[in-house]
Amino acid sequence: MHPPSIICAFRCLLPQLSTVPGATAPAASSSASDRDLANALRALAMDAVEAAKSGHPGMPMGMAEIAVALWHRHLRHNPGNPAWPNRDRFVLSNGHGSMLLYGLLHLTGYDLPIEELKRFRQLGSRTPGHPEYGYAPGIETTTGPLGQGIANAVGMALAERLLAAQFNRPGFDLVEHYTYVFLGDGCLMEGISHEACAFAGTQRLGKLIGFYDDNGISIDSEKGQIRQWFTDDVPKRFAAYGWQVIPAVDGHDVEAVDRAIRKAKREKDRPTLICCKTTIAKGAPKKANTGAAHGAPLGAEEIAATRQAMGWPYPPFEIPQGVRDGWDAREPGKRAERRWNLLFKKYAAQFPAEAAEFTRRVSGSLPADFRQKLEPFLAEANQKAEAVATRKASQNALEVLVPELPELLGGSADLAGSNLTIVKASKPVGPDSPGNNIFYGVREFGMCAVMNGIALHGGFIPYGGTFLVFSDYARNALRMAALMKIRVVYVLTHDSIGLGEDGPTHQPVEHAASLRLIPNMDVWRPCDAAETGVAWRAALERAKGPTALLLSRQNLPYAKRASTEAIEKGGYVLSDVPNPRAVIIATGSEVQLALGAQKLLGEAGIAVRVVSMPSTTVFDRQPDEYRKEILLEGIPRIAVEAGVTDLWRKYVGLDGAVVGLDRFGESAPASELFKHFGFTAENVAKVARSVIR
C-alpha cells in the first residue's frame with residue numbers, strides 16, 4: 001500500500017492550502033502543556049511496545065521533548081495532504097524508535113488511527129517495526145539500517161535547494177522548506193554517516209538540521225558503557241565537516257531545543273547539528289538510562305511505575321482530548337498549504353510554463369512525448385553497425401536524454417571519466433552552482449543513499465555511477481531503493497573480467513547475480529548500443545522501482561536485429577534458424593560469443609537459436625506463453641555469462657549447460673582472460689555439442 005501520488009497535491013491545486021515561506025508553523029491552541037504533549041508520546045510508545053511484546057521504547061521516551069519542540073513549534077506540514085510539495089521533510093534516522101514517529105503522525109492528525117498503534121509490529125499493520133515508506137502517510141523514507149536516514153536527509157536537502165534554484169523567481173519562493181532529521185549514536189558509528197555528512201558540509205546545505213540524541217546507550221551497553229567503543233568528539237567532527245554545531249543542549253528542555261532550532265534556521269550556509277543530551281527511557285524509574293530500555297518492552301510493572309512518576313493516570317492508548325487538541329496540526333496545515341496554493345496561483349499566472357513544468361516534475365510524470373523523442377536515437381543505434389562499449393553507448397543515450405529531461409540529476413563516485421556519466425549538457429552541482437551533475441567523491445554507499453533521498457523528495461530522477469564491483473559497498477542503499485519502490489538509476493560499469501589488468505579486486509564475478517537477487521531491482525546487461533538505449537528508456541519509465549545498468553568497459557560489436565521492439569521484454573530471439581536443436585542464451589559481452597558459436601555449429605549442420613537476455617528480471621515478468629515461445633521446450637539450453645553460474649540453472653535446467661565463472665578472475669588483458677576462462681565461440685560451441693542429443 002503506497003501513499004497517494006504527489007499528483008494529488010495538485011488535484012485542487014489553486015483553491016487549497018499553504019505557508020508564508022520561511023515562517024514558523026503555528027501551534028494549535030490548547031491548554032495542554034509541553035509536559036503533557038511529551039508524556040503522550042512516551043505513553044503511546046511504551047504501550048505499543050508492550051502490546052507487541054517487541055520494540056524499542058527507550059528512544060521515543062528520551063526524544064519526546066525534542067519532538068515537541070520541532071513538531072509542535074516549527075514543522076510545516078499538512079496531515080490532510082502528506083504529498084504537499086512544500087512541506088518540511090522529517091526523517092527518523094534512528095528508525096528503531098519508530099513509535100515516536102507513529103505517535104506523532106497519529107496525534108497530529110494523519111490517517112493513522114489508534115487501532116494501528118495498537119497493532120504495532122503485527123502482520124498487515126501500517127505500523128511495522130521500523131518506519132517504511134508507503135505504509136503510513138507522513139513517512140518520508142524507510143529507516144532502520146542506521147545511518148541511511150541521515151544520508152537520505154542529505155539528498156532531500158540537496159533536492160530542495162536545486163529545485164528552488166530551478167523554479168523560484170523573485171517574490172515567488174515556491175520551493176522553501178527545511179529537512180529535519182533525528183539521529184543517534186548508532187547512525188554516527190555507521191561509516192555512511194561520515195560519507196553523507198562530509199558531503200553535506202561541502203555542499204553547504206543550510207536547510208538541513210539534525211538532532212543528535214546523545215543518550216550514551218546502545219544495544220550492548222548497560223549504564224553508559226558505550227564509552228568502551230564510541231568516544232568520538234561528535235561536535236568537533238561535525239565542525240570539521242563544515243557544519244554549524246550547537247552543543248550541549250538539554251534534550252528534555254523544550255525551550256532550549258526551540259532556541260537551538262531558531263538558531264539553526266538563521267544559519268543559511270551550513271547544515272546544523274543540534275547535540276541534545278538525553279536520558280533513554282526518560283520517566284521510567286528503574287530502566288531509564290539503561291540498555292534494557294533500548295530494545296525491549298519495559299514490562300507491566302515498570303510501565304505502571306512510569307505512569308505514576310510522569311503523573312499520567314490514563315489507561316493504555318488513551319489520550320485526553322485536551323492533549324489531542326494540543327497536538328492536532330490539521331487546521332494549521334490546511335492554512336499553510338492554502339497560502340502556498342495562492343502563491344502558486346499567482347506564480348502560474350506570471351510563469352505558466354514553469355508552473356506546468358513544476359507540476360509535472362513533482363508528479364513524477366515523464367513528458368508526454370518522451371518515447372517519441374527517444375525513438376530516432378534508438379533507431380539510429382540499431383542501424384549503426386559499429387563496435388562500442390556499452391558504457392559509451394550509455395553516455396550517447398544520456399546526450400539525448402539529459403537535455404530533454406531536466407529532472408535527470410546525474411553523478412558519479414569519483415569515476416565520471418570511466419562511468420561516462422557526464423555529457424555536454426552536464427553542469428556541476430555546488431553550493432553556488434545549481435547544476436545537474438554531482439561529484440560525490442569516493443563515497444559509493446553515501447552516493448546511493450543520497451540518491452534515494454533525492455528521489456524521495458521528488459522533482460528529480462537521480463542516476464549515479466561507479467564500477468559494478470563497488471556495488472557491494474552500496475548494496476544496502478540499493479536494497480532500500482528496491483524496498484521503497486523508488487526510481488533511481490545505477491550506472492555500474494566495467495561489468496566483468498573484461499575490466500582486464502586491474503585484476504580480481506576490480507573484476508565483478510558474483511555481482512550481476514547478486515543484484516538480480518534483490519526483489520524489485522531491475523538489472524540490465526545490454527550487448528550493444530540498441531539494448532543500452534532501450535535499457536535507459538525502461539529505467540526512466542519505471543516509476544515504481546530502481547534499475548541497475550551493467551555496462552562494459554570494452555567495445556562490443558553491433559548485433560543485427562530487425563527492430564528494438566522486443567528488447568523491452570528483457571529476453572528475445574536475436575538470431576533464429578529453422579528447427580533449432582538447442583537454445584543459447586547470453587547477456588552483455590557474451591552475446592557475440594553465442595552468435596559465433598551459432599555460426600560454428602551451423603557450419604557443422606547443427607541448428608541453434610540465440611536468445612539475448614539483457615534483463616532476466618524483466619524477462620521473468622513476461623507471460624508464461626512468451627517465455628516458453630522464446631526459450632522453447634524439449635530441447636537443450638546453454639547459458640553464457642562471464643560470472644557465477646547458479647542463477648542460470650533456472651533457465652537451462654539440470655540437462656542444460658552454463659558457460660560461466662565460479663571463481664575470481666586474474667590480472668591480464670581482457671582478451672587473454674576471456675580465452676583463459678573459456679569465453680570463446682569455440683568453447684561455447686563445444687559445450688553446446690555436449691548437451692545436444
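These are my notes from a look through this predicted model.

**Sheet**

I started with the strands. Five of them, S1 to S5, make an open sheet with parallel pairing, and I read the order across it as S1-S2-S3-S5-S4. Which strands sit at the edges? They are S1 (89-92) and S4 (244-250), each with a pairing partner on one side only. I also looked up the twist: on average, neighbouring strands here are turned by 15° against each other, ignoring direction.

Then I went to the S4 edge. S4 pairs with S5 (residues 272-277) in the parallel sense, over 5 bridges. I picked out Asp250, and its bridge partner in S5 is Lys277.

**Cores**

Next I checked the nonpolar cores. The largest has 82 residues, and those touching the most other members are Leu208, Phe238, Trp243, Phe358, Ile454, Tyr490 and Leu515. Which helix gives this core its largest share? That is H6 (residues 148-167), with 12 residues.

I followed up on Phe238. Setting aside neighbours within four places in sequence, Phe238 contacts Leu188, Cys197, Trp243, Val245 and Leu273. There is also a second, separate core of 76 residues, with Leu549, Ala559, Ile567 and Val687 among them.

**Helices H1 and H3**

Last, I looked at one helix pair. The axes of H1 (residues 34-52) and H3 (residues 64-73) come within 9 Å and cross at roughly 115°. The range 65 to 115 degrees counts as roughly perpendicular, so I put H1 and H3 down as roughly perpendicular to each other. The crossing of H1 past H3 is right-handed.

Which residues meet there? From H1 I noted Asp34, Leu37, Ala38, Leu41 and Arg42, and from H3 Ala64, Glu65, Ala67, Val68, His72 and Arg73.

Note on methods:
Residues numbered from 1 in each chain as written. Predicted model: local features only at pLDDT ≥ 70, side-chain atom pairs only at ≥ 80, totals over all residues. Heavy atoms only, no water. Pairing = 2+ DSSP bridges. Helix = DSSP H or I, 4+ residues; strand = E, 2+ residues; numbered from the N terminus. Axes fitted to C-alpha atoms, helices over the stretch in contact; angles between N-to-C directions. Core = buried A, V, L, I, M, F, W, Y, C linked by side-chain atoms within 4.5 Å. Buried < 20%, exposed > 50% of the residue type's maximum accessible area, 1.4 Å probe, protein only. Contact = heavy atoms within 4.5 Å. Parallel < 35°, antiparallel > 145°, perpendicular 65-115°, else oblique. Left-handed = near helix turned anticlockwise from the far one by under 90°.
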